[in-house]
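Here is a short tour for a first-time reader. Take a look at the structure, then read on.

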Amino acid sequence: MVRLLDWPLEGDTLVVESNNLRGAEDGPFDGWLDVRGSPYSHDARFTERFIRPSFGRLSIDVTVDDPKSYTKPFTVRINQQIMADTELIEFICNENQQFRRRVKID
């Protein structure tokens, strides 16, 4: 179990770094970043910075550093609205999905 107090902070910013992501191990790339098919490789490193600029707002800066797939690191910003005192929408990430093995790519 990881407590939020153990996570690295830069001032008021929560910083999360991810690497060693799993994907389509038998393909030329390990996975996709988006629905357009932007690839990432096994060497990809993601750095997410979560910032609350004001009440009800959340900004997430995601930096992708993947020298096998891209010539230089890039950052995208995701702006979210937070509705206080409401139920969170459940999101399920199914590990080890097998659908990619059935998809034919010509």
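## A contact between two strands

Asn 79 is exposed, because its relative accessibility is 57% and the cut-off for exposed is over 50%. Asn 79 belongs to strand β7. This is a predicted model.

The side chain of Asn 79 meets the side chain of Ser 59 in a polar contact of 3.0 Å. Ser 59 is part of strand β6. Ser 59 is buried, because its relative accessibility is 7% and buried means under 20%. So the contact pairs an exposed residue with a buried one. Asn 79 can also be placed against Leu 58. These two are 21 residues apart along the chain, and their C-alpha atoms are separated by 5.9 Å.

## The chain and its confidence

The protein chain has one helix and seven strands. Along the sequence, the pattern reads β-β-β-β-β-β-β-α. The chain holds 106 residues, and 21% of them count as buried.

How confident is the prediction? The mean pLDDT of the protein chain is 76. A value of 70 or more is reached by 65% of its residues. Among the elements, strand β6 (residues 57–65) has the highest mean pLDDT, at 93. Helix α1 (residues 99–102) has the lowest, at 54. Where pLDDT is low, the predicted coordinates should not be read in detail.

## The second largest pocket

The second largest pocket holds about 510 Å³ of space. Its lining counts 17 residues. Closest to the centre are Leu 33, Phe 46, Val 62, Val 64 and Ile 78.

Which elements give two or more residues to this lining? They are β5 (45–51), β6 and β7 (74–81). Strand β7 gives the most, with four residues. By type, the lining divides into twelve nonpolar, two polar and three charged residues.

## Two aromatic pairs

The structure holds two aromatic pairs. One joins Tyr 40 and Phe 46 in an edge-to-face arrangement. Their centres are 5.9 Å apart, with 85° between the planes. Tyr 40 and Phe 46 are both buried. Phe 46 has already appeared, as one of the residues closest to the centre of the second largest pocket.

Tyr 70 and Phe 74 form an aromatic pair that is edge-to-face too. Here the distance is 5.2 Å centre to centre, and the angle between the planes is 75°. Are these two residues buried, exposed or partly exposed? Tyr 70 is partly exposed, because its relative accessible area is 21%, and buried means under 20%. Phe 74 is also partly exposed, because its relative accessible area is 28%. That value falls between the cut-offs of 20% and 50%.

## A buried glycine

Gly 31 lies in strand β3, which covers residues 31–32. Is Gly 31 buried or exposed? Gly 31 counts as buried, because its relative accessibility is 3% and the cut-off is under 20%.

Gly 31 can be placed against Ser 41. They are ten residues apart along the chain, and 6.8 Å separates their C-alpha atoms.

Terms used. Residues numbered from 1 in each chain as written. Predicted model: local features only at pLDDT ≥ 70, side-chain atom pairs only at ≥ 80, totals over all residues. Heavy atoms only, no water. pLDDT = per-residue confidence, 0-100. 1 Å grid on protein atoms, 1.4 Å probe; cavity = no way out; pocket = protein on both sides within 12 Å on 5 of 7 lines; lining within 4 Å. Points joined across faces, edges and corners; volume = space filled by probe spheres on them. Nonpolar A, V, L, I, M, F, W, Y, C, P; charged D, E, K, R; others polar. Phe/Tyr/Trp six-rings, centres within 6.5 Å; stacked < 30°, edge-to-face > 60°. Buried < 20%, exposed > 50% of the residue type's maximum accessible area, 1.4 Å probe, protein only. Polar contact = N/O pair within 3.5 Å; in protein donor to acceptor, adjacent residues only side chain to side chain.
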